[in-house]
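This report goes through the strands, loops and helix packing of the model shown here. It begins with one pair of bridged residues and works outwards.

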Number of protein chains: 2
Amino acid sequence: MSVSDDIGRRGAPTTQRRGRRAAPLPPSDDVEDAAAASGGDLDLSGLTDVVGYALRRAQLAVFEDFIARFAALDLKPAQYSVLLVIGRNPGRKQSEIAAALGIQRPNFVAMLDELERRGLAERVRSTTDRRSHAIVLTDDGRALLDRALEVQREQEAIIADRLGPGGRDALVALLHRLTDTPLAERD
Amino acid sequence: MSVSDDIGRRGAPTTQRRGRRAAPLPPSDDVEDAAAASGGDLDLSGLTDVVGYALRRAQLAVFEDFIARFAALDLKPAQYSVLLVIGRNPGRKQSEIAAALGIQRPNFVAMLDELERRGLAERVRSTTDRRSHAIVLTDDGRALLDRALEVQREQEAIIADRLGPGGRDALVALLHRLTDTPLAERD
DNA sequence: TATTGTTATACTCTATAACTATA
DNA sequence: TATAGTTATAGAGTATAACAATA
């Protein structure tokens, strides 16, 4: 997504009262009547039944769970992803790691500073090109990553349990179809 | 999701080189060798094949497309969702609309200020409880919402085209299973 | 005492321009 | 001249405390 915008936030309920088809807007009769006549859950049709909103809400739910699980390791989602990519690609340039994760190079500096401060990763000055840093995990970083991978496996198991094993695989496949090619170029 | 954290950002590639199974961490042999031996895409296994990351990337992709489509209407995703919920629930309290969308009450003030400034929505002081505001769309607001709904239908059609009609419905159903009940309470 | 809307504020994530040191 | 890392900074989005008006 571009800049920042959000649709659904924390704890927003997923109410659904009307049918699946696009509900016509209610007639704009007397305002006070409408307010008085209501009182129950709001009509969120057209929102909950749309891919973008459902994606947003699901992503928030999964991340919330992720954050809770990783609190014990003091790892946020972005930190975990950085640790994992460094672990799988040791010695890569700082800018390569950042680009692979879609993180702007300037924003990646503080991120690495923190991992280095915690003794999880290291910047190694390259001998061939003294501008660049080869990024590697320390022993502590690898140990923490191993623990994190186990926690991640647990979350994935919970999700597979919720969706059914075939459901989890189907979901990932569908999501990849949305990300493999930009949506706009399609039409 | 809780606070803020992100995993995938803008334009992050979705590289996938190894198999689906958890790839073992590469041996931590000589750093310079590893850096020199590489050069191609990075190994993102364990990230792209996981629900949380795939969700995040897909949500960003869909929102990016959404933002581009709605630029002509000068509506961001959050603004569209507010317009839609007001349109479907005219006369509801300001705090009810905010809560339904998971927006904190303080943050909803500026949001409504802007919609009111643009003449799309109005705060109507309730006669029964003079603390609360009944929120309604103006005629302009309803007209803009109608145009927005059409644009939204177009995006949904693109997505259904990408996933297949059954694929789109399956995706939404799977996503709802992740949001209907908090993941944590499940185990 | 509790609720509605509001203000003020702070923290995180994201984005861009510009500097430095190297190449 | 171009690239890698960095600094500074600005803008969204989100969260909490506290206040005034009203119930």
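## Strand pairing and helix contacts

B:E122 has B:V136 as its bridge partner in strand 3 of chain B. The model is predicted: local features need pLDDT of at least 70, side-chain atom pairs count only at pLDDT 80 or more, and totals for chains, interfaces and linings use all residues. Residues are numbered from 1 along each chain as its sequence is written, chains are lettered from A and ligands numbered from 1 in the order in which they are written, and side-chain values use heavy atoms, with hydrogens and water left out.

Helices (H or I, at least four residues) and strands (E, at least two) are DSSP runs, numbered from the N terminus. Two strands pair if DSSP finds at least two bridges between them.

**Strand 3 of chain B.** Strand 2 (residues 121-125) of chain B runs antiparallel to strand 3 of chain B, and 5 bridges join them. Strand 1 (residues 92-93) of chain B also pairs with strand 3 of chain B, in the antiparallel sense over 2 bridges. Here B:R92 is matched with B:I135 as its bridge partner in strand 3 of chain B. Strand 3 of chain B covers residues 133-137, and 5 of its 5 residues are buried, where buried means under 20% relative accessible area, exposed over 50% and partly exposed in between (1.4 Å probe, protein chains only). In a regular strand the side chains alternate between the two faces of the sheet. In strand 3 of chain B, B:H133, B:I135 and B:L137 point one way and B:A134 and B:V136 the other way, and all are buried.

**Chain A.** Chain A has 7 helices and 3 strands, in the sequence pattern α-α-α-β-α-α-β-β-α-α. Of its 187 residues, 52% count as buried. The 3 strands of chain A form an open sheet in the order 1-3-2, with antiparallel pairing. Strand 1 (92-93) and strand 2 (121-125) of chain A are the edge strands, each pairing on one side only. Strand 1 of chain A is joined to strand 3 (residues 133-137) of chain A by 2 bridges in the antiparallel sense, and A:R92 has A:I135 as its bridge partner in strand 3 of chain A. Helix 3 of chain A lies across strand 2 and strand 3 of chain A, at about 100° to strand 3 of chain A. Axes are lines fitted to C-alpha atoms, for helices over the stretch in contact, and angles run from 0 to 180 degrees between N-to-C directions.

**Positive phi.** Most residues other than glycine have a negative phi. The table lists two residues that are not glycine and have a positive phi.

| Residue | Phi | Loop |
|---|---|---|
| A:D74 | about 55° | between helix 2 (51-70) and helix 3 (77-88) of chain A |
| B:D74 | about 55° | between helix 2 (51-70) and helix 3 (77-88) of chain B |

**Between the chains.** Helix 7 (residues 165-179) of chain A packs against helix 6 (residues 139-163) of chain B at an angle of about 120°, with the axes 10 Å apart. The contact (heavy atoms within 4.5 Å) involves A:L174, A:R177 and A:L178 of helix 7 of chain A and B:I159, B:R162 and B:L163 of helix 6 of chain B.
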